[in-house]
Amino acid sequence: AEVVAVYDQGTDARTGLAYLVMEHVRGRNLRDLLRERGALPPDQALELMEPVLVALAAAHAAGLVHRDIKPENVLLADDGRVKVADFGLARAVEASNLTATTGLLIGTVAYLAPEQVETGRADARSDVYAAGILLWEALTGHQPYTGETPLSVALQHVRSQVPAPSTVVARLPPAVDALVLRATRRDPADRPADGRALLAELRAVRSTLQTDRTGV
């Protein structure tokens with residue numbers, strides 16, 4: 001499966017600390033790979049993103065929103081599998097008494113969708129946005145927005161449209177640019193509706209790139 005299994009959760013009776021018991025995945029995460037290699041070739045970036053979107057598609061179909069898609073939560077197992085971690089956070093939020101997480105900002109600021117910054121609310125399209133930022137970073141080697149404080153980064157997500165990754169890395173295929181731009185539209189209504197929709201678009205782009213290379 002493309003999701004790290006969560007076996008148990010609870011609160012330690014002695015310390016009061018909450019805990020999750022999760023599957024151990026031997027390997028490293030996507031952050032480690034990006035630090036080592038920098039920008040990835042488009043075909044490799046799309047290949048890595050596909051299992052991430054498979055996991056999101058399954059979660060969204062089950063009514064779960066991840067809320068914290070980022071390179072640290074994309075695990076690259078030694079056996080070649082790509083798995084998404086921290087769905088335990090999504091389950092904990094769903095099970096809590098926080099109605100639609102109103103006013104609660106959950107996620108890592110560099111990958112937060114504008115609506116999460118403005119209202120604290122997240123849905124499947126918020127995960128789509130984070131996945132788009134993740135792909136942007138895989139293609140360019142860095143995040144689209146930086147700032148001196150987390151707030152300054154968050155406000156850039158609210159006020160600016162994410163630029164095409166080809167503004168940083170020359171000669172990226174137009175279809176890859178278009179995929180990233182679709183996923184990272186400021187208005188959620190302009191993005192693919194959920195992980196399944198973005199997965200279908202990514203697979204179409206991969207097919208186009210393979211056809212362009214082979215001429216078939």
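**Exercise 1. The length of a helix**

How far should the 17 residues of helix 5 (residues 124-140) span at 1.5 Å a residue, and how far apart are its end C-alpha atoms?

*Solution.* Keep in mind as you work that this is a predicted model.
- Step 1: Find the expected span, which is 1.5 Å times one less than the number of residues. For the 17 residues of helix 5 this gives 24 Å.
- Step 2: Compare with the model, where the end C-alpha atoms of helix 5 are 25 Å apart, which agrees.
- Step 3: Look just past the helix. There you meet Gly141, with a positive phi of about 90°.

**Exercise 2. The overall plan**

Work out how many helices and strands the protein has, and in which pattern they follow along the sequence.

*Solution.*
- Step 1: Count the elements: there are eight helices and five strands.
- Step 2: Read along the sequence to get β-β-β-α-α-β-β-α-α-α-α-α-α.
- Step 3: Turn to the contacts between residues at least 6 apart in sequence; 62% of them join residues at least 24 apart.

**Exercise 3. A three-stranded sheet**

Find the order of the strands in the open sheet of three strands, and say how they pair.

*Solution.*
- Step 1: Trace the sheet from side to side: the order is 3-4-5, and the pairing is antiparallel.
- Step 2: Pick out the edges. Strand 3 (27-29) and strand 5 (82-84) each pair on one side only.
- Step 3: Check the twist: ignoring direction, neighbouring strands are turned by 30° against each other on average.
- Step 4: Zoom in on strand 3 and strand 4 (residues 74-77), which are joined over three bridges. Here Asn29 stands opposite Leu75 of strand 4.
- Step 5: Add the helix that packs on this sheet. Helix 2 (residues 42-61) touches strand 4 and strand 5, and its direction makes about 40° with that of strand 5.

**Exercise 4. Inside the protein**

Which residues touch the most other members of the largest nonpolar core?

*Solution.*
- Step 1: Recall a general tendency: in soluble globular proteins, nonpolar side chains tend to be buried together.
- Step 2: Search the 46 residues of the core; Leu46, Met49, Leu53 and Leu135 touch the most other members.
- Step 3: See where core residues come from. Elements giving two or more include helix 1 (30-37), helix 2 and helix 8 (195-214), while helix 5 gives the most, with 10 residues.
- Step 4: Link this to burial: 16 of the 17 residues of helix 5 are buried.
- Step 5: Follow one core member. Beyond its neighbours within four places in sequence, Leu53 is in contact with Ala131, Gly195, Leu198, Leu199 and Leu202.

**Exercise 5. Two packed helices**

Describe how helix 5 and helix 7 (174-183) pack.

*Solution.*
- Step 1: Give the geometry: an angle of about 145°, with the axes 7 Å apart.
- Step 2: State the handedness of the crossing, which is left-handed.
- Step 3: Name residues that meet. Among them are Val128, Leu135 and Trp136 in helix 5, and Val176, Leu179 and Ala183 in helix 7.

**Exercise 6. Buried or partly exposed?**

Decide whether His157 and Ala200 are buried or partly exposed.

*Solution.*
- Step 1: Set the cut-off: buried means under 20% relative accessible area, and partly exposed runs from there to 50%.
- Step 2: Take His157, in helix 6 (residues 150-159). His157 has a relative accessible area of 0%, so it is buried. Its contacts include Tyr111, Tyr129 and Arg186.
- Step 3: Take Ala200, in helix 8. Ala200 has a value of 47%, so it is partly exposed.

Notes:
Residues are numbered from 1 along each chain as its sequence is written. This is a predicted model: local features need pLDDT of at least 70, side-chain atom pairs count only at pLDDT 80 or more; totals for chains, interfaces and linings use all residues. Side-chain values use heavy atoms; hydrogens and water are left out. Helices (H or I, at least four residues) and strands (E, at least two) are DSSP runs, numbered from the N terminus. Buried means under 20% relative accessible area, exposed over 50%, partly exposed in between (1.4 Å probe, protein chains only). Two strands pair if DSSP finds at least two bridges between them. Axes are lines fitted to C-alpha atoms, for helices over the stretch in contact, and angles run from 0 to 180 degrees between N-to-C directions. Contact means heavy atoms within 4.5 Å. A nonpolar core is a set of buried Ala, Val, Leu, Ile, Met, Phe, Trp, Tyr and Cys residues joined through side-chain atoms within 4.5 Å. A crossing is left-handed if the near helix is turned anticlockwise from the far one by less than a right angle, and right-handed if clockwise.
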